[in-house]
Amino acid sequence: MFFPFLCGFAPSCESMFMNPNFSHEATKAQRDKEEVASIIVDCAFHLHRDLGPGLLETVYEVVLAKLLQERGLKVERQKPIPIQYAGCTFEEGFRADLIVDGVVLVELKSVENLAAVHGKQVLTYLRLLNLPLGLLINFGAATFKEGCQRIVNGPQSFASSRLRVNQNL
């Protein structure tokens with residue numbers, strides 16, 4: 001899918017591709033969850049800045065997934081996640097919007113205001129997936145900072161995190 005209105009919009013997301021010596025193979029090594037989260041936030045910020053609020057969630061999802069793949073990250077979209085309850089396994093308990101490099105869950109919204117349940121939803125998904133970090137990104141917010149929340153699952157050490165975005169839930 002080609003989005004002509006996106007061409008050349010995010011120098012930090014595309015500048016590496018202008019370099020003929022750049023290799024995706026060099027970026028394929030497993031990245032730290034903090035580095036992955038930083039790349040996600042960078043691309044999502046540029047996407048929010050350039051497209052603004054008002055589009056359907058699926059538009060932001062497909063474009064963000066493409067930007068992340070271009071940055072060398074492995075992205076799984078709408079991945080069905082099984083859950084177990086009362087001895088039964090349900091193959092499609094929910095669908096994760098994006099799972100990036102197998103270490104960060106990204107839940108996307110395009111609503112005027114996030115509700116408390118959205119953060120709880122991400123935390124539940126993180127627990128079911130046994131993932132350490134999730135990002136809740138609302139492209140419907142007036143500013144990116146208002147619409148981006150970082151959600152941590154469990155006691156992992158994030159003391160050295162370079163990423164500080166709306167950590168209050």
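# Packing around Leu-136 and helix α4

Leaving aside residues up to four places away in sequence, Leu-136 touches Glu-107, Lys-109, Leu-114, His-118, Gly-119, Val-122, Gly-147, Cys-148, Gln-149 and Ile-151, where contact means heavy atoms within 4.5 Å. The model is predicted, so that local features need pLDDT of at least 70 and side-chain atom pairs count only at pLDDT 80 or more, whereas totals for chains, interfaces and linings use all residues. Residues are numbered from 1 along each chain as its sequence is written, and side-chain values use heavy atoms, with hydrogens and water left out.

Leu-136 belongs to strand β4, which covers residues 133-138; helices (H or I, at least four residues) and strands (E, at least two) are DSSP runs numbered from the N terminus. Its relative accessibility is 0%, and Leu-136 therefore counts as buried, a class that requires under 20% relative accessible area, while exposed requires over 50% and partly exposed lies in between (1.4 Å probe, protein chains only). One of the residues that Leu-136 touches is Ile-151, and although the two are 15 residues apart along the chain, their C-alpha atoms are separated by 7.4 Å.

The chain as a whole has 6 helices and 5 strands, which follow one another from the N terminus in the order α-α-α-α-β-β-β-α-β-α-β. Of its 169 residues, 44% count as buried, and among contacts between residues at least 6 apart in sequence, 60% join residues at least 24 apart.

Two packed helices are described by the angle between their axes and the distance between the axes. Helix α3 (residues 33-51) packs on helix α4 (residues 57-70) at an angle of about 130°, with the axes 10 Å apart; axes are lines fitted to C-alpha atoms, for helices over the stretch in contact, and angles run from 0 to 180 degrees between N-to-C directions. That angle makes α3 oblique to α4, because under 35 degrees counts as roughly parallel, over 145 as roughly antiparallel, 65 to 115 as roughly perpendicular and the rest as oblique. On the α3 side, Ile-39, Ile-40, Cys-43, Ala-44, Leu-47 and Leu-51 meet Tyr-60, Val-63, Leu-64, Leu-67 and Leu-68 of α4. The residues of this contact divide into 11 nonpolar, no polar and no charged, where Ala, Val, Leu, Ile, Met, Phe, Trp, Tyr, Cys and Pro count as nonpolar, Asp, Glu, Lys and Arg as charged, and the others, Gly among them, as polar.

The buried residues of α4 are Tyr-60, Glu-61, Val-62, Val-63, Leu-64, Ala-65, Leu-67 and Leu-68, and they pack against β1 (75-85), β2 (88-100) and β3 (104-109) as well as α3. After α4 comes Gly-72, whose phi is positive, near 90°.

Three loop residues can be set side by side.

| Residue | Loop | Relative accessibility |
|---|---|---|
| Leu-73 | between α4 and β1 | 4%, buried |
| Ala-86 | between β1 and β2 | 66%, exposed |
| Asp-101 | between β2 and β3 | 13%, buried |

Leu-73 touches Arg-31, Val-36, Ile-39, Leu-68, Val-100 and Asp-101, again not counting residues up to four places away in sequence, and its C-alpha atom is separated by 8.8 Å from that of Arg-31, 42 residues apart along the chain. Neither of the other two is a glycine, yet Ala-86 has a positive phi of about 50° and Asp-101 has a positive phi of about 55°.
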